[in-house]
Amino acid sequence: MLQKVKDIYSESIQIQISASSLLSENIATATQMVMQCLLSGNKVIACGVSRSYANAQFLVSNLLNRYDFERPSLPSVHLSLESAVGSSLVFDQPIDQLYQHQFNAIAKPGDLLIAFAPLGTEKAVLNTIANAVNKEIQVIALTGANNDAIQGVLAEADLEISIPATKEARILENHLFVINALCELVDSTLFPRA
């Protein structure tokens, strides 16, 4: 078992090293997109399904509440499946259309969608991305190496941050790194501390 733990660390570290050379520029670009959206008086909308649901929720928590230090809340919304709203959406909508009502109700030109799709086959997320593209709302898609379906949906002005891995667990933990890096960069740029 001890060797298995070391193997997991090794696999994770190798993906991080690869991602650092492949994705640093994209993370910086994503930060600029988020700041432009917020400074223009718009909001960040985040979505994900399955285990990516929690990553989308974590991103919004960091923006709305705080990341590293106290600062004003940054406008952001998590497309949610919780409470009575989620229950009615799950009951009344086809699974691949879960977020359409919420997204259509709140998305405005100038907003930014951050969509988590580690497997690249998450139909509810793919359809939300397509909806955003149709509304000319920019998208940042966090994906993994199996991302052909998403690449076919994104517009030219959109951005993909594709983790160089196919194993969902490694992709999810790298998405969490991207969230942390993005929030740290946004906070330190918008709210520089002496």
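I137 sits in the loop between α5 and β4. In this predicted model, I137 comes out as buried, at 3% relative accessibility. Setting aside neighbours within four places in sequence, its contacts are F103, A107, K108, D111, L112, L113, A132 and D158. One of these partners, L112, is 25 residues away in sequence, yet the two C-alpha atoms are 6.0 Å apart in space.

The residue just before it in the chain looks quite unlike that. E136 belongs to the loop between α5 (123–134) and β4 (138–143), and at 72% relative accessibility E136 counts as exposed. Its phi is near 60°, a positive value in a residue other than glycine. S50 shows a positive phi as well, near 55°, and is likewise not a glycine. S50 is found in the loop between β1 and α2, where its relative accessible area of 60% makes it exposed.

Back to the partners of I137: A107 lies in the loop between α4 and β3 and is buried, with a relative accessible area of 8%. Beyond the neighbours within four places in sequence, A107 touches I45 and I137. A107 and V44 are 63 residues apart in sequence, with 9.2 Å between their C-alpha atoms.

D111, another contact of I137, brings in the salt bridges. How many salt bridges turn up in a search of the whole structure? The count is seven. In one of them D111 pairs with K43, with 2.7 Å between the closest N and O atoms. This pair links distant parts of the chain, 68 residues apart: D111 is in the loop between α4 (100–106) and β3 (112–117), while K43 is in the loop between α1 and β1 (44–48). Both ends are out of the way of solvent by the accessibility cut-off of under 20%: D111 is buried at a relative accessible area of 4%, and K43 is buried at 17%.

A second buried pair is made by D187 and R71, whose side chains meet in a salt bridge at 2.9 Å, N to O. Here too distant parts of the chain are linked, with D187 in helix α7 and R71 in the loop between α2 (52–64) and β2 (76–78), 116 residues apart. D187 has a relative accessible area of 2% and is buried; R71 is buried as well, at 10%.

The salt bridge between E11 and K167 has its side chains meeting at 3.5 Å, N to O. E11 lies in helix α1 (residues 2–39) and K167 in the loop between β5 (159–162) and α7 (168–190), so the pair ties together parts that are 156 residues apart in sequence. Are these two residues buried or partly exposed? E11 is partly exposed at 29% relative accessibility, and K167 is partly exposed too, with a relative accessible area of 40%. The pair also belongs to a wider arrangement, as E11, K167, R170 and E173 are linked in a network of salt bridges.

Helix α7, which carries D187, also packs against α2. Two packed helices are described by the angle between their axes and the distance between the axes. For α2 and α7, the angle is about 10° and the axes are 10 Å apart. Angles under 35 degrees count as roughly parallel, and α2 and α7 are therefore roughly parallel to each other. On the α2 side the contact is made by S52, N55, F58, L59, N62 and L63, and on the α7 side by L172, H175, L176, I179, N180, L182 and C183. Sorted by class, the contact has eight nonpolar residues, five polar ones and no charged ones.

As for α2 itself, its 13 residues reach 18 Å from the first C-alpha to the last, close to the 18 Å expected at 1.5 Å a residue. Which residues of α2 are buried? They are S52, Y53, N55, A56, L59, V60, N62 and L63. These buried residues pack against β1, β2, β3 and α7.

Terms used
Residues are numbered from 1 along each chain as its sequence is written. This is a predicted model: local features need pLDDT of at least 70, side-chain atom pairs count only at pLDDT 80 or more; totals for chains, interfaces and linings use all residues. Side-chain values use heavy atoms; hydrogens and water are left out. A salt bridge is a side-chain nitrogen of Lys or Arg within 4 Å of a carboxyl oxygen of Asp or Glu. Helices (H or I, at least four residues) and strands (E, at least two) are DSSP runs, numbered from the N terminus. Buried means under 20% relative accessible area, exposed over 50%, partly exposed in between (1.4 Å probe, protein chains only). Axes are lines fitted to C-alpha atoms, for helices over the stretch in contact, and angles run from 0 to 180 degrees between N-to-C directions. Angles under 35 degrees count as roughly parallel, over 145 as roughly antiparallel, 65 to 115 as roughly perpendicular and the rest as oblique. Contact means heavy atoms within 4.5 Å. Ala, Val, Leu, Ile, Met, Phe, Trp, Tyr, Cys and Pro count as nonpolar, Asp, Glu, Lys and Arg as charged, and the others, Gly among them, as polar. The expected span of a helix is 1.5 Å times one less than its number of residues.
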